[in-house]
Amino acid sequence: MAQDVCPARPEPTLSFTQGLILGQVSVVLLIAAFIKYFIFGEPPSADVRASLRATDRRSRTLSHKKSLLSLGSPSARNANHQHPHHPTLNKKSSILRPSPPNLTIDSILNKTYYKVDSHQPESLDWFNVLVAQTIAQFRSDAQHDDAILSSLTKALNGASRPDFLDEIRVTDLSLGEDFPIFSNCRIIPVDEDGLSLGHGRAFDANMGAREGARLQARMDVDLSDMITLAIETKLLLNYPKKLSAVLPVALAVSVVRFSGTLSISFVPSNPSQSTPTKMTFTFLDDYRLDFSIRSLLGSRSRLQDIPKIAQLIESLLHRWFDERCVEPRFQEIALPSMWPRKKNTRGGDDAIAEAERSMSKAKGAEIARDLREEARRDGGPEADGRADVAQGSLRHRRRSRAGETFNMPGAMPGTSMDMAT
């Protein structure tokens, strides 16, 4: 009988109520820790964030240069020359005098008296004035035209807008008041990949004669301003059903400062491939871009200036800029033909003729009316009488249905002239 008795089970140390309370407390602690450290946690300082981003950009640039140098090694070049290209037949004119060979960058530097190793950097004061005038005109046009506002709204609400975002509305736009300052401009010979030919050594003719070598202008850029874009939208929660919850969001992003090095170079045209002359520009990886980001979440009880949201938006903006115009990436712009053409000519007699053709008929009628009134004032009552007589003498001849009877101008009443047909 003793063997048939089931052994007693150990009683749980915690009751159901105690376990429920412990679980709720742990969830509350996790939520509190998430809110404290993730949402309201203080991000690193601006200098620390800039240093970390600069380190990442520098490592990426160095790895790219190492890969380019490995591709440009003698073994890689010999592998590329194993499959020579077939010569192409170029039909040359027998009339034009043979043109001199293409100038190398060493010849261009010698003919322009520019010494790469000893030439002092330029201040670019005149260029700053021209850029300031262009930006001032752009800001003036933007105040009287909603084109930039419409373009921004269309870009923000494009096809790439995710489903959890409502329509984005621009609430504030400020283009700033100051202007960028360019300085310390210098000319540097680079190869076809944008790498400097000197590498700490003196520049010689052999470097300038390399295929694909070109000249690159590098200049420092510094801008301290407050360029602001403020938007409003709503975060949409579409689960478990559509529009389950809506969270209003307001953001204001301001560019406070930008400093870096701008590189500009020209790529010559290639008639065999029908490619035009192109201008390329990029920024070196040592730039500094600071933002001021304000945020506001909620409709009734609002959360203002959440640090993690500002850090997230700042990282997205830096990545957007790095992926477009920070080395090794660059922007390429095709330049139009600089050959003088008649359709591009402005000024002189053509401008006067164009102004005369553009004058509307209403303006011409108004000028004619003013001339008649001036002539009437000069002639007095006699001019008015002559005008009435001239107006009365313009009678139309009346033709009767019975015969060819005409009333001549100035004829006596009751007289007529019969003309046989």
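Visitor: Which side chain does the side chain of T228 make a polar contact with?
Guide: Keep in mind that we're looking at a predicted model. T228 is found in strand β3, and it counts as buried because its relative accessibility is 13%, which is under the 20% cut-off. Setting aside neighbours within four places in sequence, T228 touches D172, L173, S174, V253 and S254. The polar contact, at 2.8 Å between side chains, is with S254.

Visitor: How many helices and strands does the protein chain have?
Guide: Let's zoom out for this one. The chain runs to 421 residues, and 21% of them count as buried. Its elements come to 10 helices and 10 strands.

Visitor: What share of the contacts with a separation of 6 or more comes from residues 24 or more positions apart?
Guide: For a single example of residues far apart along the chain, take S59 and D285: they sit 226 residues apart, yet their C-alpha atoms are separated by 9.6 Å. That pair is about C-alpha separation, whereas a contact needs heavy atoms within 4.5 Å. Over the protein chain, the share you asked for is 68%.

Visitor: Is S59 buried, partly exposed or exposed?
Guide: S59 lies in helix α2, which spans residues 46-71. Its relative accessibility is 42%. Buried needs a value under 20% and exposed needs one over 50%, so S59 counts as partly exposed.

Visitor: Where on helix α5 are its buried residues, on the same side or on opposite sides?
Guide: Helix α5 covers residues 125-144, and its buried residues are N128, V131, A132, R139 and A142. These buried residues cover an arc of only 105 degrees around the axis. That puts them on the same side.

Visitor: Which exposed residues does the other face of α5 carry?
Guide: Start from the buried side, whose cover includes α6, β2 and β3. Now look at the face turned away from that buried side. There you'll find the exposed residues W126, Q133, T134 and H144.

Visitor: What length does helix α5 reach from its first C-alpha to its last?
Guide: With 20 residues and 1.5 Å a residue, you'd expect 28 Å for α5. The model comes out close to that. From first C-alpha to last, α5 reaches 29 Å.

Visitor: And what length does helix α8 reach?
Guide: Helix α8 takes in residues 307-325, which is 19 residues. At 1.5 Å a residue, the expected value is 27 Å. The helix is close to that, reaching 27 Å.

Visitor: Is C325 buried or exposed?
Guide: C325 belongs to α8, where P307, A310, I313, E314, H318, F321 and D322 are on the list of buried residues too. The relative accessibility of C325 is 10%. Because that falls under 20%, C325 counts as buried.

Visitor: How many disulfides does a search of the whole structure find?
Guide: You might wonder about cysteines such as C185, which counts as buried at 10% relative accessibility. A disulfide would need a pair of cysteine sulfur atoms within 2.5 Å. The search of the whole structure finds 0.

Visitor: Which residue does a cis peptide bond join to E327?
Guide: Head for the loop between α8 and β8. The bond in question has an omega of about 10 degrees. The residue joined to E327 is P328.

Visitor: In which sense do β5 and strand β8 pair?
Guide: Strand β5 has a partner in β4 as well, and those two pair in the antiparallel sense over 6 bridges, with V267 and K278 as bridge partners. On the β8 side, T280 stands opposite E332. Here β5 and β8 pair over 4 bridges, and the sense is antiparallel.

Visitor: What is the phi of S274 near?
Guide: S274 lies in the loop between β4 and β5, and at 65% relative accessibility it counts as exposed. N184, in strand β2, is partly exposed with a relative accessible area of 29%, and its phi is near 55 degrees. For S274, phi is a positive value in a residue other than glycine, near 55 degrees.

Conventions: Residues numbered from 1 in each chain as written. Predicted model: local features only at pLDDT ≥ 70, side-chain atom pairs only at ≥ 80, totals over all residues. Heavy atoms only, no water. Expected span 1.5 Å × (residues − 1). Buried < 20%, exposed > 50% of the residue type's maximum accessible area, 1.4 Å probe, protein only. Arc of directions from axis to C-beta. Polar contact = N/O pair within 3.5 Å; in protein donor to acceptor, adjacent residues only side chain to side chain. Pairing = 2+ DSSP bridges.
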